Amino acid sequence: MNNTLTAISKTTASSIRTAVFPVAGMGTRFLPATKATAKEMMPIVDKPLIQYAVEEALEAGCDRLVFISGRGKRAIADHFDVAFELEHELECRGKEQLLDEVRNIVPRGVSTVFLRQPYPLGLGHAVLMARDIVGEHPFAVLLVDDLILSRKPVLAQMIEQYTRYHAAILAVQRVPDEETNKYGVIQCKSWEKQIYQVSGIVEKPIPYDAPSNLGVVGRYILPAKIFEYLEDLPAGSGGEIQLTDGIAALLHERQVLGYEFEGRRFDCGDKLGYLQATIEFGLRHAGVGKSFAEYLHHLATSGICSYVADDRRTMPFQGRKNKTRAA
């Protein structure tokens, strides 16, 4: 994080000051890499995935960060804590740029709160845990798996809309019809450019039953009223409390808007999405972007795609699955 970001986070007047990060998931889609490492700490180039979401919140003017973590997530708290020994070592070695980056992971004036979700009770339960910290104010929820590349941070775009409409805002994007069963999907009517008036929301509908092709992705601005509905919700499938159900209940009392944001989203909870994000952000990296682009160009012109899949000698050792082979 650079000094510019530090200045922005201190001076931006935002009506949304608290950002909630539900990070208690087990990351099973990335096993065995996530057996002993939080999936949110997996790097995209040289920063862990969660840091991108935190930087987005800071650039949008949030100065209170609430992390809802779980077992095996201590590395997240350590990452956003002060590392005296590391800072001293960098200072002694004269590595001023690295020292500045480490010190500004959480700029001065920004507070962090860590709460532990004891059981995997769903996204709605994780958000509900932040109730005492949030109080009666509107707040943001950011799902770390959704990494979004945009000129202006998506949360900052959404806060602009909130300031205008003073309504709950859901980030939405058009999804392929056959993939509606991966998202919460809104029933809506177009209101203004990029703005939809939400009349219903369905969690992971099959394509035939989906009310639209506008799926909700991991950015929300919600009123504190949502906590009352989440508290009263019965546990659903798997004993989980779904945030989508809370929003559906909120619709009976409050206006909820869908905002079709500007930017390109990468689903970093998925292996392919994670690899795509690594390439896109790697190409834009000030230090290695040019060299990385040349390397990828060399691979493409050398026909790498045609021989990697066929030549098993180039694949890493997979372990012995069969000790004996039938004759």
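This passage describes two helices, the aromatic pairs and three loop residues of a predicted model.

Helix H11 comprises 13 residues, from 271 to 283. The distance from its first C-alpha to its last is 19 Å, close to the 18 Å expected at 1.5 Å a residue. Five residues of this helix, namely Gly273, Tyr274, Ala277, Phe281 and Gly282, are buried. Because these residues cover an arc of only 160° around the axis, they lie on the same side of H11. Leu272 and Leu275, on the other side of H11, are exposed. The buried residues are covered by elements from several parts of the sequence, including strand E2 (43–44), helix H2 (49–59) and strand E7 (146–149). Strand E13 (264–267) and helix H12 (289–301) are also among the elements that cover them. At the N-terminal end, H11 is capped by Asp270. A side-chain oxygen of Asp270 is placed 3.0 Å from the backbone nitrogen of Leu272, a residue that is itself exposed.

Helix H8 was examined in the same terms. Its 12 residues should span 16 Å at 1.5 Å a residue, and the end C-alpha atoms, 17 Å apart, agree with this expectation. Of the 12 residues, 9 are buried, and the helix is therefore largely enclosed by the rest of the structure. The buried set consists of Val154, Leu155, Ala156, Gln157, Met158, Ile159, Gln161, Tyr162 and Tyr165. Just after the helix, His166 adopts a positive phi of about 50°.

A search of the whole structure for aromatic pairs returned 6. In one of them, the rings of Phe139 and Phe227 have centres 5.1 Å apart and planes at 5°, so this pair is stacked. Phe139 belongs to strand E6 (residues 139–142) and Phe227 to helix H9 (residues 226–232), so the pair ties together parts that are 88 residues apart in sequence. Phe139 has a relative accessibility of 0% and therefore counts as buried. Phe227 is likewise buried, with a relative accessible area of 0%.

The rings of Tyr165 and Trp191 form a tilted pair, because their planes meet at 35°, with the centres 5.3 Å apart. Tyr165 lies in helix H8 (residues 154–165) and Trp191 in strand E9 (residues 184–192); the pair therefore ties together parts that are 26 residues apart in sequence. The two partners fall into separate accessibility classes. Tyr165, with a relative accessible area of 14%, is buried, whereas Trp191, with 39%, is partly exposed. Elsewhere, Phe21, Phe67 and Phe114 are linked into a cluster by ring pairs. A ring also takes part in a contact with a charge: the charged end of Lys47 sits over the ring of Tyr52, 4.6 Å from the ring centre.

Two residues were considered in the loop between strand E5 (111–116) and helix H6 (123–128). Pro120 is located in this loop and is exposed, with a relative accessible area of 61%. Its C-alpha is 10.0 Å from that of Arg71, although the two residues are 49 residues apart in sequence. Gln117 is also found in the loop between E5 and H6. In contrast to Pro120, Gln117 is buried, with a relative accessible area of 8%. The side chain of Gln117 makes a polar contact of 2.9 Å with the side chain of His125. When neighbours within four places in sequence are left aside, the contacts of Gln117 are with Ala24, Ile68, Ser69, Gly70, Gly122, His125, Ala126 and Met129.

The loop between strand E8 (168–174) and E9 contains Thr180. This residue counts as buried, at 1% relative accessibility. A polar atom of the Thr180 side chain lies 3.0 Å from the backbone oxygen of Pro205. Pro205 also appears in the contact list of Thr180, which leaves aside neighbours within four places in sequence. The other residues in that list are Val175, Val185, Lys204, Ile206, Pro207, Ala210 and Ser212.

Definitions and conventions. Residues are numbered from 1 along each chain as its sequence is written. This is a predicted model: local features need pLDDT of at least 70, side-chain atom pairs count only at pLDDT 80 or more; totals for chains, interfaces and linings use all residues. Side-chain values use heavy atoms; hydrogens and water are left out. Helices (H or I, at least four residues) and strands (E, at least two) are DSSP runs, numbered from the N terminus. The expected span of a helix is 1.5 Å times one less than its number of residues. Buried means under 20% relative accessible area, exposed over 50%, partly exposed in between (1.4 Å probe, protein chains only). The arc is that of the directions from the helix axis to the C-beta atoms. Contact means heavy atoms within 4.5 Å. A polar contact is a pair of N or O atoms within 3.5 Å; within protein, one must be able to donate a hydrogen and the other to accept it, and residues adjacent in sequence count only if both atoms are side-chain atoms. Rings of Phe, Tyr and Trp (its six-membered ring) pair if their centres lie within 6.5 Å; planes under 30 degrees apart count as stacked, over 60 as edge-to-face and the rest as tilted. A charge sits over a ring if NZ of Lys or CZ of Arg is within 6 Å of the ring centre and within 35 degrees of the ring normal.
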